[in-house]
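Trainee: Please take a close look at one part of this structure for me, the sheet with its surroundings. Walk me through it step by step.

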Amino acid sequence: MENGYENFVDTLRQSLLKETSYEEEMICYKKAEEYPPTSGDRLLLKNRQKEGVYEVCALYVRDLYDEFQNGWSMENIIQEIMKRLDTLARSECFEKSKNLDSYEKVKGDLFIRLMNVVKYRDELKNAIFRTVGDIALVLYARMGELDGCSTSIKIKKHMLQKWEQDEQSVFNEALLNTYFISPPRIYCWEKLLYNLDYEGENFMNLLFDMSLKKDAIGNCLSTSVRTNGAVAVFLPGVAQRLGKLIGGSFYMVFTSIHEVMIHSEDSADPRKLKEVLEETVEETTPEEDFLTYYVYHYNAETGQFSYY
């Protein structure tokens, strides 16, 4: 079985090298357990673009092998892959990759995403980011839609040099973009459970008059898209606004990269919050969504973040 699988992978790779005229290093095989771990073995087809950026088509080899076992010919499999590559070449992502050497063309697509500094140490090499404790605020650019999914890339330092822009100014621009791309929202659990169309509370609206909870449950902060929403607390004016609505300083429990629980300093014990965070991460947070084991604190008087 395994010999058959290995022979299939080798034949598939050699056939693609011949069909695409790619160089040897542009088609590589990655096992699921190799870093970073993935849900299956993959064949990565890299098509180099400007400024060292690659368009990558990832093929899950086990799925293709199953199709081969079920009667698909190698010729049919190669044809399907070539169609996929053609779709990628004509995609919005491909077109936007051509604009990466122009700051004016790409600046509207810059945004910030959170990552754990230690876990993603290797991926953050040459990336542009700021740190708050063990959380990295990383500079990304939206690359459009592909197969119904949003795609993006990290902005590397050599790109910034090409733009001839001040790093702090670019970073601030991205923070502001993130605010408007995915505005911050407070979500009430009871409304989330019973209303599929619930879009959260726009607490940044000055007419917002709902009190934030000061009980043990806390307040769920995310963004309007609820993906990578934990970044909301670091966006311009958000922490200050939360401090006013909750009546002072507060703790932050990052249960994943998608949301953060906000707890009033007056009624929360950071040691208990840390215990709850550890249990939540271990029991319910997918590995790829993990952000931190620390409980963070915002001082409403100084505007400073710290962590425990």
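Mentor: Start with Tyr198, which is buried because its relative accessibility is 10% and the cut-off for buried is under 20%. Keep in mind that this is a predicted model. Tyr187 is buried too, at 3% relative accessibility.

Now look at the rings. Over the whole structure, a search finds 16 aromatic pairs. In one of them, Phe111 and Tyr140, the ring centres are 5.6 Å apart and the planes meet at 35°, so the pair is tilted. Phe111 belongs to strand S4 (residues 110-116) and Tyr140 to strand S6 (residues 135-146), so this pair ties together parts that are 29 residues apart in sequence. Both Phe111 and Tyr140 are buried. Then return to Tyr187 and Tyr198: their ring centres lie 5.7 Å apart with the planes at 90°, so this pair is edge-to-face. Tyr187 sits in strand S8, while Tyr198 is in the loop between helix H8 (189-194) and S9, so the pair ties together parts eleven residues apart in sequence.

S8 brings us to the sheet. Six strands form an open sheet in the order S8-S9-S11-S10-S12-S13, and the pairing is antiparallel. S8 (184-187) and S13 (304-307) are the edge strands; each has a single partner strand, so one side of each has no neighbour in the sheet. On average, neighbouring strands here are turned by 30° against each other, direction ignored.

Next, move to S11 (residues 260-264). Five of its five residues are buried, so the rest of the structure largely encloses this strand. Check its two faces. Val260, Ile262 and Ser264 are on one side, Met261 and His263 on the other, and all of them are buried.

Which strands pair with S11? One is S9, which pairs with S11 in the antiparallel sense over three bridges. In that pairing, Leu221 stands opposite Val260 of S11. Another is S10, joined to S11 by four bridges and running antiparallel to it. There, Phe250 has Ser264 of S11 as its bridge partner. S10 and S11 also form a hairpin, connected through six residues.

S10 (residues 250-253) has a pairing with S12 (residues 295-299) as well. They are antiparallel and share four bridges. Tyr251 faces His297 of S12.

Aromatic residues turn up again in this region. One cluster is made of Phe234, Phe250, Phe254, Tyr294, Tyr296, Tyr298, Phe305 and Tyr307. You have already met Phe250 as the bridge partner of Ser264.

Now step back one residue, to Ser249. Ser249 lies in the loop between H9 and S10. Its relative accessibility is 13%, so Ser249 counts as buried. What does Ser249 touch, apart from neighbours within four places in sequence? The contacts are Ser264, Glu265, His297, Tyr298, Asn299 and Ala300. Two of these names are familiar: Ser264 is on one face of S11, and His297 stands opposite Tyr251. The side chain of Ser249 also reaches the backbone nitrogen of Ala300, at 3.0 Å. Measure along the chain instead, and Ser249 and Gln304 are 55 residues apart, yet their C-alpha atoms are 10.0 Å apart in space.

The loop after S9 deserves a stop too. Asn228 is in the loop between S9 (219-223) and helix H9 (238-246). Its phi is positive, about 55°, although Asn228 is not a glycine. Most residues other than glycine have a negative phi. Asn228 is also buried, with a relative accessible area of 18%.

Compare that with Ser21, outside the sheet. Ser21 has a positive phi of about 65° and is not a glycine either. Ser21 is in the loop between helix H1 (2-20) and strand S1 (27-30). At 63% relative accessibility, Ser21 counts as exposed.

Finish with helix H7. H7 covers residues 167-181, 15 residues in total, and spans 21 Å from its first C-alpha to its last, close to the expected 21 Å. Asp166 caps its N-terminal end, with a side-chain oxygen 3.3 Å from the backbone nitrogen of Gln168. The buried residues of H7 are Val170, Phe171, Ala174, Leu175, Asn177, Thr178 and Tyr179. In general, residues three or four places apart in an α-helix point the same way, because there are 3.6 residues a turn.

Methods:
Residues numbered from 1 in each chain as written. Predicted model: local features only at pLDDT ≥ 70, side-chain atom pairs only at ≥ 80, totals over all residues. Heavy atoms only, no water. Helix = DSSP H or I, 4+ residues; strand = E, 2+ residues; numbered from the N terminus. Buried < 20%, exposed > 50% of the residue type's maximum accessible area, 1.4 Å probe, protein only. Expected span 1.5 Å × (residues − 1). Polar contact = N/O pair within 3.5 Å; in protein donor to acceptor, adjacent residues only side chain to side chain. Pairing = 2+ DSSP bridges. Axes fitted to C-alpha atoms, helices over the stretch in contact; angles between N-to-C directions. Contact = heavy atoms within 4.5 Å. Phe/Tyr/Trp six-rings, centres within 6.5 Å; stacked < 30°, edge-to-face > 60°.
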